[in-house]
Structures are given as structure tokens and as C-alpha cells.
Amino acid sequence: MLVGPSDQNPICIASVIVSHLQVFFFGFGWLFFMRQLFKDYEVRQYVVQVIFSVTFAFSCTMFELIIFEILGVLSSSSRYFHWKLNLCVILLILVFMVPFYIGYFIVSTIRLLHRQRLLFSCGLWLTFMYFFWKLGDPFPILSPKHGILSIEQLISRVGVIGVTLMALLSGFGAVNCPYTYMSYFLRNVTDTDILVLERRLLQTMDMIISKKKRIAMARRNLFQKGDVNNKPSGFWGMIKSVTTSAPGSENLTLIQQEVDALEELSRQLFLETVDLYATKERIEYSKTFKGKYFNFLGYFFSIYCVWKIFMATINIVFDRVGKTDPVTRGIEITVNYLGIQFDVKFWSQHISFILVGIIIVTSIRGLLITLTKFFYAISSSKSSNVIVLLLAQIMGMYFVSSVLLIRMSMPLEYRTIITEVLGELQFNFYHRWFDVIFLVSALSSILFLYLAHKQAPEKHMTP
Amino acid sequence: MASLDRVKVLVLGDSGVGKSSLVHLLCQNQVLGNPSWTVGCSVDVRVHDYKEGTPEEKTFYIELWDVGGSVGGASSVKSTRAVFFNSVNGIILVHDLTNKKSSQNLYRWSLEAVNRDLVPSGVLVTNGDYDREQFADNQIPLLVIGTKLDQIHEAKRNEVLTRIAFLAEDFNAEEINLDCTNPRYLAAGSSNAVKLSRFFDKVIEKRYFIRDGNQIPGFPERKRFGGGTLKNLHYD
């Protein structure tokens, strides 16, 4: 660590510290990518891994700067400088680099366009920019005094996308969490249910096999007779096939259709069996100590979820925006109503640090877990690069919007820097938008889960 | 119609290595036009002449069970997959020559198929410490097939092929390297076709012609749920 003649300049020291931490975050992102996301694939394009880790590093730096703000680490001018710098870099990545590479990798998988890859990826990027710009029109997010090429233009649009994502995930998570934790919703699955399904599955497989045997044998007989192509060719061929029936030749197309239908059935049976096994495991898990603990948490979370939905509705209906943050309000309540006196300034700093820290850590962790699940579910060896870059884009936008929204949870004196750096965005709009999307997402998740829950047990109930 | 005897061979490997294309090529002698995700298990049948060209020639059906999925999947998927591993007579392990991880995962695949009684919980076996003892008394014939040979650069070919040779030795198996989109690799008379034929002959021999006392080698029926065994219902 260099501490020499440069220690007179606070910005230099701050840069050293911040860049060390950034390297640490970069390393964390790199490891996460290698160990978790890509553990079954081989990384052939290191660009992807670098981009992912860089996005992660710069996003985490933003959170780290918030923490520094609360704790008062480093001088405020250096903090402001780093905020601006970090923001510019992140916007550069999210709006220019990642979309361009996504386009490039999509184009690479299409063999036809292989020659002019760069050209087509530039074209894709321009299309993305067009839609990205158009996104700002229907929303009242900017005041007219902003110029065309300012940071606020980009941030506001990124913010809209990110807030939508956050609200969707949040709404679904708020409903899904109690649903998965509580054992009240677990369907009763017995061993016989599973055995019955498995037997059906194997029977279906055997039926498929016997039909395929007929097809294979018929094809072999035709081949041995010299007719490689068993389709009738020409006028005489058609007449021949109608009037004579060669021994062993049957209507292969009909059998093939039956096979296709049976294969579809076998796939469905397989998925249902997997579902039953998963439910059985969950039932067993719920009988353990940890399971009971999570069951209890589930009840708690369901109350919290209902409360959040209620609050979102109230906010929208009464068009109110909270002015004070929970920390200051909590302190006010304790001081005024409970009569406990303590050093407001000191405690508000520590409590907001803890609160904001918890919010940051849980949102990072939650996002990474969700991203991993998505990645496992939808990626294949061909599309893994594109999907990882899409996830990096989502992650970046998500983190930028969390900074936007976290502003509301911090006491007034810490909010100023975010307001200064991000410019004069209509913050109230974002909170309102979050509430609306959260409500929509939560209600549709409830509907969706209700339908899924209703429909499933009817399929394989043991009479 | 199925008056011929049958033999069951599993085709295992990571998703995306080309098992479906391979099975299609083996059974229908055609290249698969639009490969898509395999959900669950897909079966195909190959008619094989045992001891072709000799007086003891006999025709058998070889069922190729292409089991999809990833080796590190959820345990519910693994338990469901295990139902396909009953009474297996041979195993074909497929890996992607351009993807090292897929060949490393073959160890876990073979363990999952062989030790069906144990629920596999991510037993990670690396190249160096591979325990051959687990395969010492394994009676099921294995074959290792590497796909996407055409995508390997000429320069790296030797290095890749040496690594694969070690892999096949670990399994005590033959190896074939090919490209599933090109039928000429399995053209009649080529060394690959001979190896394939030999493998199928070995599988059939073990199933029908070598009897150990009165027990036909294969898997004993799995005991599940602490009670009854699952009967295999065959429609012949």
C-alpha cells in the first residue's frame, strides 16, 4: 500500500482503498462465476467471465460507497468523486458493453451471419438503443431542464427497468416464500402414489419400445428387399403399394404417430414423478427441526407479505409518499412515546448502517441465488454465454435501482449525496412505480400459485 | 412380432453432448435434423446381428435408453431417473470432446448407474484419485464415445485423444470418437463400426450366453421403500 508523498491528497488515498476493494469484489464475482454458474460448462470465451465480474465489482462498489457515506469514511469530496466515476463506468457497461456483447454472441450462434458478425451485432445494438430511448417517453421521469446527453437520461431509463425487475421479483418472492416454507400447503404424497406413477412410466416406455421394434424390423425388411426408400414413387409405385401388401410392411406413418403421442405422455409422466419425489422430500424435511423452524418462519413471512401488499395498496390509493425513513421514525417514536433518551445522532448513524447493510446483503444474496436458479433452468451449452450476459445486465440494472430506492431508507443527511450524484430524478415516481408493479406481481403470483395448487392433486389422487 | 430377444443399453452423458444425435445415428442410420432437449428418457431400437457372418448368427433387438439431464441435478430428478437404471446390460458413456467437464462427469454418471442403491449425493471423483476398485467387480460392459470430433482443431487433436485414451482405460472400455452429423464415421467396415459391433456382441454374450450358476448377470432388482420390488412389465 502506497503511503508516501501522495498522502497529502485525500482523493488518492481514497482511490487506493476503493480500487483494492474493487479488486476484491472482482475476485468474488470471478469465483462465483466459475464455481456456481459455470460449474458444468467449460468457459471458452473469457470475455464473458470478465464482463460478469466487472459488472459485479462496480455494482458492489456503489453499495460500498453508501456504507462509507453513512460511516463517514473518507472525505466527502473524494466520496463524491468516486460516486460520479463509478456511476459513469457502470452506465457505460450497462448501456454500451453488455448489450453489444449480447448481440455479438447471439449473432455468433447463427451460422448464416457468421461472416459479418460485427456488422450485425452493431445493428442489434442500435436496435436496443432505440427501444431503450423510447422507454423514457411514457414515464414522467425527467424534468425538462435536462439535456439530451446527460447522465440523468440514461440513469432514469435504467432505473425504470431495474425498478420493474425488483418489484416483480419482490412481489413473487413475497408470495412464494411463505408458500414454500409452510407445510400447510404440502400435498399428501404416499409411496404408493410414486410407485403407481413409476409403473405407468415404465409401461409407457415398454409400449414405445415395442412399437419402435416393429418399425425397425419393417424398415430392415424393406431395406433387405432393395427398397431403401419405402415411399411409393411414381404412378406405378403408388398402384403397386395399394394393390399388393409386401409381407411385413405395415402403415409405418400411423405407428410413428402413435409413438410420438406415447413419447409425449412419457415426458409428462416423468415430470410428474419428479414433482412427486420433490414433494415427498419436502414432507420429510418439514418433519426435521430445521423444517419446523422454517415452517414457523413461513407463518411470520405470510403476515409480513399481507402487510406489504396492504401498504402498497394504501400508498397507491392515497397517493402518499413516505417522507421520513424508518430509522428516524423509529427513533422519534422511542424518544417521544417511550421517553427513552439517547444520543440521536450517534444511534441513527449506527442503526441506519446496520439496516442498510442488511438490506444490501440480503438483496445481493437473494439476487445471486435467483440468478443461479434461472441459469440452471434455462441454459444449455450453446446459449450459456448469452444467458450469463443477460443475467449480468439484469444484475447491474437491479443494483443501480436498489441504490435509487435505498435512498428512502436512509436518514436525510445521508440522502443528499445520492440526490446530488444521480441528479434531480423524480424519486417519488420510482417508489410509486415500485408499489404498482409489486402489487400486480404479488396478486398475480397468488392467483398463479392458487391455480397450480388446485390443479395438481386432481391428477394423481389415490382413490 | 418381437420374437427376438432383447438387450438393454443405457446411453449416459451430460446434456448437450449429443446423445440424441448419436442414438438416432445408431438406430436409423440417419443424421438427426433438429436435435432438441431430451426430457426424461427417450428410447430407440437397433436391430443387431450377433456374430455376423458366422453360422451362429442371430438377430437381437438392442434398446438404447437415452437418459437426459445433468449429473448434478436435484435429488428428485435423480430418484426419478433411477427407475430407468433397472436391469441394464450395457452402458455407453458419451462425452463432448470440446468440453473437458463433460468427460470428467462421466465418472459420476457411471457411479450413478452402477450404485443405484445409494442416492448419489454429489460424490466428486476427480481424475487423479479415481478409485478403480469400484469398477473391479463391475460386470456391465462399457463403451466411451466422444462426439463433436470435427470441432477440434488439427493441432489440438493429439492432446485431446491422449486424454481420452486415459479415460477409456480407467473404465476398462473401448473408445470411439466421432461426429454425429457425419454418418461416414460409422460406415460398415470402418474400425469404429467394428468396435461398436464388438461391444454389442459382448453385451449380448454377457446377457444370454454366460450363466453363472442360475443367475443371469445384471442388476439385482432394487429394493425400494423398504418393501416390495418393482416388477418390470414387458409387453412383447
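A search of the whole structure, which I should say at once is a predicted model, finds 10 salt bridges over all chains. I will go through several of them, beginning with those that run between chain A and chain B, where the count is three.

One of these joins Glu63(B) to Lys213(A), with the closest N and O atoms 3.7 Å apart. This pair crosses from strand E3 of chain B, residues 58–67, where Glu63(B) sits, to helix H6 of chain A, which holds Lys213(A). Both partners, Glu63(B) and Lys213(A), are buried. Another salt bridge between the chains is formed by Lys212(A) and Asp44(B), and here the closest N and O atoms are 4.0 Å apart; the cut-off for a salt bridge is within 4 Å, and I mention that value so that you can set the distance of this pair beside it.

Turning to the interface as a whole, which elements of chain A give two or more residues to the side that touches chain B? They are helix H6, spanning 191–224, and helix H8, spanning 252–286. Of the elements, H6(A) gives the most to that side, with 19 residues. By character, the residues of the side of chain A that touches chain B divide into 15 nonpolar, seven polar and 17 charged. In terms of contacts, 39 residues of chain A meet 42 residues of chain B, and the area buried between the two chains is about 3,700 Å², with carbon and sulfur atoms giving 62% of that area. Across the same interface of chain A and chain B, the rule finds two residue pairs in polar contact, both at pLDDT 80 or more.

Let me now move to pairs within a single chain. In chain A, the side chains of Glu264(A) and Arg267(A) meet in a salt bridge at 3.3 Å, N to O. These two residues are three apart in helix H8 of chain A, and therefore about one helical turn separates them. Glu264(A) is partly exposed, with a relative accessible area of 39%, and Arg267(A) is likewise partly exposed, at 30%.

In chain B, the side chains of Asp96(B) and Lys148(B) meet in a salt bridge at 3.1 Å, N to O. This pair links distant parts of the chain, since Asp96(B) lies in strand E4, residues 90–96, while Lys148(B) lies in the loop between strand E5 (142–147) and helix H4 (154–171), 52 residues apart. Asp96(B) counts as buried, at 5% relative accessibility. Finally, back in chain A, salt bridges that share partners join Asp191(A), Lys280(A) and Glu284(A) into one network.

How values were computed
Residues are numbered from 1 along each chain as its sequence is written. Chains are lettered from A and ligands numbered from 1 in the order in which they are written. This is a predicted model: local features need pLDDT of at least 70, side-chain atom pairs count only at pLDDT 80 or more; totals for chains, interfaces and linings use all residues. Side-chain values use heavy atoms; hydrogens and water are left out. Contact means heavy atoms within 4.5 Å. Buried area is the accessible area (1.4 Å probe) that two parts lose on being put together, summed over both. A polar contact is a pair of N or O atoms within 3.5 Å; within protein, one must be able to donate a hydrogen and the other to accept it, and residues adjacent in sequence count only if both atoms are side-chain atoms. Helices (H or I, at least four residues) and strands (E, at least two) are DSSP runs, numbered from the N terminus. Ala, Val, Leu, Ile, Met, Phe, Trp, Tyr, Cys and Pro count as nonpolar, Asp, Glu, Lys and Arg as charged, and the others, Gly among them, as polar. Buried means under 20% relative accessible area, exposed over 50%, partly exposed in between (1.4 Å probe, protein chains only).
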